[in-house]
Amino acid sequence: MKTLVYIDHFKGVVQPASWEALGVGKSLGNVQAVILGANLNEVAKAAFEFGADEVLVADDAAIEDYRAEPYAATLSALIAAEAPDAVLFPTTSRTRELAAMVAVDLKTGVLVDLTGLSVEGDKLVATRPIYEGKLMETETCSTKPVLATLRARAFPRPARNEGASGTPKKVEVKAEALTTVEGYEVAEQTQIGRAHV
């Protein structure tokens, strides 16, 4: 199974759940990490170290700051070109929005907030909590690629092999958007995550 994993980061500080998602992708077969933003060399290097078979980067100053429109357009075009069976996202506020927009572009569905994922035949079977975690349900998606957001800390983080390396593949950036970033403030809790690459 060919899986693409979106690595969510803010200015190079990676959400740790991205590495967990990469580990899940690796357990399913061939895994490609995809990273969007600017100045991505360190993040790409870490993706190889955490097990990516291939790293795809959309590295451009025009998408340095997260904006849903260009990120969704870039990712949708990339998924259409690479034709993975599944696309995995760590569950964050950005990826919830991004996965939904990409699903609309690709006319597919999204399995959300998963705590388990397995393969049965040619289908991905997802497990997620419902009713505030009192029950668990299993779901499948009838369309491909299957898009799924994975709950943080629900899956093990793969071991980091600092000797692993590779050459990232540059992909086309779709930077057109109706919105611009006027400015932002970094929340105090983001600074705590600085150690995570």
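**A walk through the fold and its core**

The protein you see above has 5 helices and 12 strands. Please keep in mind that this is a predicted model.

Overall dimensions come next. The C-alpha trace spans about 40 × 40 × 35 Å along its principal axes. A compact globule of 197 residues would have a radius of gyration near 16 Å, and the protein agrees, because its own value is 16 Å. Of the contacts with a separation of 6 or more, 70% are between residues 24 or more positions apart. Buried residues account for 45% of the 197.

On to the surface. About 9900 Å² is exposed, and 50% of that comes from carbon and sulfur atoms. There are 20 positive and 27 negative side chains. The centres of these two sets lie 3 Å apart.

Now the inside. The largest nonpolar core has 33 residues. Those that touch the most other members are Ile7, Trp19, Leu22, Ile35, Val55, Leu117 and Leu150. Several elements each supply at least two residues of this core, among them the helices α1 (16-28) and α2 (41-49), and strands including β4 (30-37), β5 (54-59), β9 (123-130) and β11 (146-150). There is also a second, separate core of 21 residues, which includes Leu4, Leu36, Ile63 and Ile79.

Take one member of the largest core, Ile7. What does isoleucine 7 touch, not counting residues up to four places away in sequence? The list is Val14, Ser18, Trp19, Ala33, Val34, Ile35 and Val43.

Val43 brings us to α2, where it is one of the buried residues. The others buried in that helix are Ala44, Ala46, Ala47, Phe48 and Glu49. What do the buried residues of α2 pack against? They pack against β3 (13-14), α1, β4 and β5.

After α2 comes glycine 51, with a positive phi near 115°. Alanine 52 sits in the loop between α2 and β5. Is alanine 52 buried or exposed? Its relative accessible area is 8%, and buried means under 20%, so alanine 52 is buried. Leaving aside neighbours within four places in sequence, alanine 52 is in contact with Leu22, Val31, Ala33 and Ala47. Of these, Leu22 was named earlier among the residues of the largest core that touch the most other members, and Ala47 among the buried residues of α2. Finally, alanine 52 and serine 165 are 113 residues apart in sequence, while their C-alpha atoms are 9.5 Å apart in space.

Terms used:
Residues numbered from 1 in each chain as written. Predicted model: local features only at pLDDT ≥ 70, side-chain atom pairs only at ≥ 80, totals over all residues. Heavy atoms only, no water. Core = buried A, V, L, I, M, F, W, Y, C linked by side-chain atoms within 4.5 Å. Buried < 20%, exposed > 50% of the residue type's maximum accessible area, 1.4 Å probe, protein only. Helix = DSSP H or I, 4+ residues; strand = E, 2+ residues; numbered from the N terminus. Contact = heavy atoms within 4.5 Å. Rg over C-alpha atoms; globule rule 2.2 N^0.38 Å. Areas by Shrake-Rupley, 256 points an atom, 1.4 Å probe, with all protein chains shown as cover. Lys, Arg positive; Asp, Glu negative; His and termini not counted. Charge placed at Lys NZ, Arg CZ, Asp CG, Glu CD.
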